[in-house]
Amino acid sequence: MALSDSWTDADLYYWATWEIGYPTGTSSLFTPAEIIQWVNSWEALLQEELEVCFSRGTATTSLSTLTETALSTDILRLDACYYSPGGTDTRSWRLAPRQQSDLDELAQTWSYDAPAQHPKIIYPIGVGTWGLWPAVQGTATLVFDYVPYRFIGTSTSTVTPLPPWTKASVMSYIGYRFYSKVGPVQDLARAAVYRRLFQHQLQTYKKIRNSYFPQKGERVRPAGSAQANILAPRSRI
Amino acid sequence: MLSAFAMLNSKLDTLAGQVFWDYTQYYIALNEGQLEFAARIPGIAQVTSTLTCSAGSELANLPLDLFIPQQLVTEEGHHVWPVDLVQLENEDAGWRSITGRPQFVTWYDWARVRVWPIPDTTYEYTLKGVPYPDEISTSTYQCPLGLEYQEALTSIAASRLLAFTRPDLAQQERAAGEEWLERFKRTLRKRGVWDTLRLRPGTGWSLAPGGTIPQGRRYR
């Protein structure tokens, strides 16, 4: 296997159990569900920290309120959201992220505004709930980018979407979780070594991430640099 | 020069065979060290691959054998400049609706880039970049980058393997590995292949076409 090859779910599970001394994958000291949960946590942790893997989804909506779970069930963080009127009109615009307080200043009666064919703004209502302003008239197509969670499944040939240069850290993370566990296997000193090793790997990955890979997505979050730059362009291409 | 495997075996003093570690652990530790080094000392090699920009798709899959993409070149030899998403938004809020021959590239995630304008037909551009290191999977493999690199690599790998049973020795090996790595970096600087272009906006390289050529750091 070349270093550029990603591991499958089966590989992740094998190397995780191998690191803690049970390459057959079973023991009375842990359950497969525990290992799978730790691997899931490892993937979520790396994604939260690095955001190196994105997914794209499409939804057709006639609503002015969006719930993330209706868009997709694996959204860790919603990123850019693009709007297209649909039908024969294939044009597409990015919805600008704003807070409701921004809308208050922009148009005091914004929540009573009539629906329009071209919503311009996306604003947060609550965790996982977003509103569009003006509300959508008819139906519209939304294209959205997001940072996904992933849960390893029973399909052993599924390949992890994380970059191959992060794969070795699954072993140190599982070692840390395994030896931290209450019970006969607990070894806090060993867990601390594993944790330190994992932190070191994470620093390395952050260095790769920050030096050679894209800046984190321009968030669907108001008052960020993206919004400021869009309002006051600093330069043209 | 000893092979990487033999050098690691010597540092661990397990010449009699697989007493404390399975040899698989050797290879994992060595390869893990290689990936760490690849992140810390990029630009040691460059390979060429193909980036296919499919008609109607703003996202193009990066060739997975490239660790760090560096330069994207059109079929006619023009370099495609890296920009960021905000610059595209500034250029035209409806940028996702504009098609043509891609002239700009921006990142999407580690495995994909966006090209803009969105391709009106399929284009095949040349992508240059840093490859992944060779996987070490045999006991006879010698690191082509030389003795300093291999000394550093085997010390770091030994440090990884000794961490749980001999933390004092692991620390010693880590320090030795870091010292060898610094020596290797110094050699690279003398050879003039230290810094590398990167396909990422905001660097001196991507600012250059706009007329800004900041003085690069001498060392890092």
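**Loops, helix packing and cavities**

Student: Where is B:P117 placed?
Tutor: In this predicted model, B:P117 sits in the loop between β7 (112-116) and β8 (118-119) of chain B.

Student: What kind of peptide bond joins B:W116 and B:P117, and what is its omega?
Tutor: A cis peptide bond, with omega at about 0°. Most peptide bonds are trans.

Student: Which residues of chain A are joined by a cis peptide bond?
Tutor: A:W133 and A:P134, with omega at about -15°. A:P134 lies in the loop between β7 (129-133) and β8 (140-148) of chain A.

Student: What makes the phi of A:E51 worth a remark?
Tutor: Its phi is near 50°, a positive value in a residue other than glycine. Most residues other than glycine have a negative phi. A:E51 is found in the loop between α2 (32-50) and β1 (55-61) of chain A.

Student: Why does A:E51 count as buried?
Tutor: Its relative accessibility is 6%. Buried means under 20%. A:E51 is below that limit and therefore counts as buried.

Student: What share of chain A is buried?
Tutor: Buried residues make up 51% of its 237 residues. Chain A has 7 helices and 8 strands. Of its contacts with a separation of 6 or more, 72% are between residues 24 or more positions apart.

Student: Why are α1(B) and α2(B) called roughly perpendicular?
Tutor: Helix α1 (residues 4-12) and helix α2 (residues 23-40) of chain B pack at about 110°. The class runs from 65 to 115 degrees. The angle falls inside that range, so the pair is roughly perpendicular. The axes are 11 Å apart.

Student: Which residues make that contact?
Tutor: From α1(B), B:A4, B:F5, B:L8, B:N9 and B:L12; from α2(B), B:Y23, B:Y26, B:Y27 and B:L30. By class, the contact has 8 nonpolar, 1 polar and no charged residues.

Student: Why is B:N9 the polar one?
Tutor: Ala, Leu, Phe and Tyr count as nonpolar, and Asn is in neither the nonpolar nor the charged list, so B:N9 counts as polar.

Student: How many cavities of 30 Å³ or more does the structure hold?
Tutor: The structure holds 2. The second largest has a volume of about 70 Å³. Among its 11 lining residues, B:L62, B:P63, B:L66, B:F67 and B:W110 are the closest to its centre.

Student: What classes of residue make up that lining?
Tutor: The lining of the second largest cavity has 11 nonpolar, no polar and no charged residues. Leu, Pro, Phe and Trp count as nonpolar, so the five residues closest to the centre fit that tally.

Technical notes:
Residues numbered from 1 in each chain as written. Chains lettered and ligands numbered in written order. Predicted model: local features only at pLDDT ≥ 70, side-chain atom pairs only at ≥ 80, totals over all residues. Heavy atoms only, no water. Axes fitted to C-alpha atoms, helices over the stretch in contact; angles between N-to-C directions. Helix = DSSP H or I, 4+ residues; strand = E, 2+ residues; numbered from the N terminus. Parallel < 35°, antiparallel > 145°, perpendicular 65-115°, else oblique. Contact = heavy atoms within 4.5 Å. 1 Å grid on protein atoms, 1.4 Å probe; cavity = no way out; pocket = protein on both sides within 12 Å on 5 of 7 lines; lining within 4 Å. Points joined across faces, edges and corners; volume = space filled by probe spheres on them. Buried < 20%, exposed > 50% of the residue type's maximum accessible area, 1.4 Å probe, protein only.
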